[in-house]
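Q: Please choose one part of this structure and look at it closely, giving the cut-off behind each term as you go. I would then like to see how that part relates to its surroundings.

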Amino acid sequence: MLFRSEKVGGRQGPSMEVVELKDIERELVLTQARLKLVKFSASCELSLPVTPGLSPAETVALLTSASLYWDAVTLCQTFSLPVTSLNLVTEGLAARCVKLGSARGAELERAWTWLAENRPGGAEVSGDSPVEAAWQLLEHLVAGQEERGATSLHRAATTRLVSLSCAPPPWLLAGYKKRDPAELIRVLHSLGHIEAAGEVGVEYVRAAMGLGSEYFGLEGGLVAGARAAWLPWTVLDRLLLELGEHTELAGVIVSRMPMGAGRRSCGQSVTPPIAMVVSVHGASTACQPPPFSCQGRDRKSTRLNSSHL
């Protein structure tokens, strides 16, 4: 309880304000973050506008600028800040990883200073070099803090890395494929990486047919008795259209050809219509719409089952 003195009816009288323990804990975490920010910025000769009146969101932004990423994550969790604040931390760490990859000498040695201040789960990050330790810290952040069924941290990390001309690490793409492969295709496509988006699209179609379905979070493939699979046909259709307009790119071949009757599904041979064949870096597949795709192309996804192949 907190007691304050205030005027009531022209007379000075005490008033009581009830403060819960969780509110005190939150203020303590915020104060500790500010103190650490002041101490760390002074030791690293950083000029940061640290004042007592900073809001939690502003403190998160300053912590990210000072490379105190895990303190920023703790603050986001304590105050239940919007996911945009955690996205900001993810983008900052991703950019730091890219920058650290081209660092040399003294800059690499100084990186151990801020890496030592970031302890996910109370444990120090491990690695033979600062670059490896920084990437492991990013993996801890994205894989450990992403909520079930969400993709905001994966999207933030992928977008930031690709915008800095850095290839996303395999663990990031693998996690993104399992959570939302259609969104991954859209992100790569929107960033201008048509070939990478095409590769993921090819893998996704194959996964729906049972080849590597476990890498996309699918339960089996299109076999008799299996559950229906959903493909984002609008996303794939836009990608095929873009690939068709950029056939001059090296490694991309787009052509129209009649598909033969060699494929079989559920014991019956199928002769599909004219299909678009996409080949990206040697990996090819035939992407063909199901019989009812003319009515479903404006939808976000198309439902397929074994009788459509």
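A: The answer below starts with one helix pair and then moves on to the cysteines, two loops and the salt bridges.

The model is a predicted one, in which local features need pLDDT of at least 70 and side-chain atom pairs count only at pLDDT 80 or more, while totals for chains, interfaces and linings use all residues. Residues are numbered from 1 along each chain as its sequence is written, and side-chain values use heavy atoms, with hydrogens and water left out.

The secondary structure of the chain comes to twelve helices and nine strands, where helices (H or I, at least four residues) and strands (E, at least two) are DSSP runs numbered from the N terminus. The part chosen here is the pair formed by helix 4 (residues 83-101) and helix 6 (residues 130-145), whose axes lie 9 Å apart at an angle of about 160°; axes are lines fitted to C-alpha atoms, for helices over the stretch in contact, and angles run from 0 to 180 degrees between N-to-C directions. Helix 4 and helix 6 are therefore roughly antiparallel, given that angles over 145 degrees count as such, those under 35 as roughly parallel, 65 to 115 as roughly perpendicular and the rest as oblique. The crossing of helix 4 over helix 6 is left-handed, a term used if the near helix is turned anticlockwise from the far one by less than a right angle, with clockwise giving right-handed. On the helix 4 side, the residues that meet helix 6 include Leu-86, Val-89, Leu-93 and Cys-97, and their partners in helix 6 include Val-131, Trp-135, Leu-138 and Val-142, contact meaning heavy atoms within 4.5 Å.

Cys-97 leads to the question of disulfides, defined as pairs of cysteine sulfur atoms within 2.5 Å. A search of the whole structure finds zero of them. For Cys-97, the nearest cysteine sulfur is that of Cys-166, 8.5 Å away. Cys-97 counts as buried at 2% relative accessibility, since buried means under 20% relative accessible area, exposed over 50% and partly exposed in between (1.4 Å probe, protein chains only). Cys-166, at 19%, also counts as buried.

Helix 4 is preceded by a loop from helix 3, in which Ser-80 lies. Phi of Ser-80 is near 50°, a positive value in a residue other than glycine, and Ser-80 is exposed at 62% relative accessibility. In the loop between helix 2 (56-65) and helix 3 sits Ser-67, with a positive phi near 65°; Ser-67, however, is buried, with a relative accessible area of 3%.

Helix 3 also takes part in a salt bridge, the term for a side-chain nitrogen of Lys or Arg within 4 Å of a carboxyl oxygen of Asp or Glu; the count comes to five. Asp-71 and Lys-36 form one of these at 2.9 Å, N to O. Because Asp-71 lies in helix 3 (residues 69-78) and Lys-36 in helix 1 (residues 21-43), the pair ties together parts that are 35 residues apart in sequence. Lys-36 is partly exposed at 25% relative accessibility, and Lys-36, Asp-71 and Glu-117 are linked in a network of salt bridges. Another bridge joins Arg-155 and Glu-183 at 3.1 Å, N to O.
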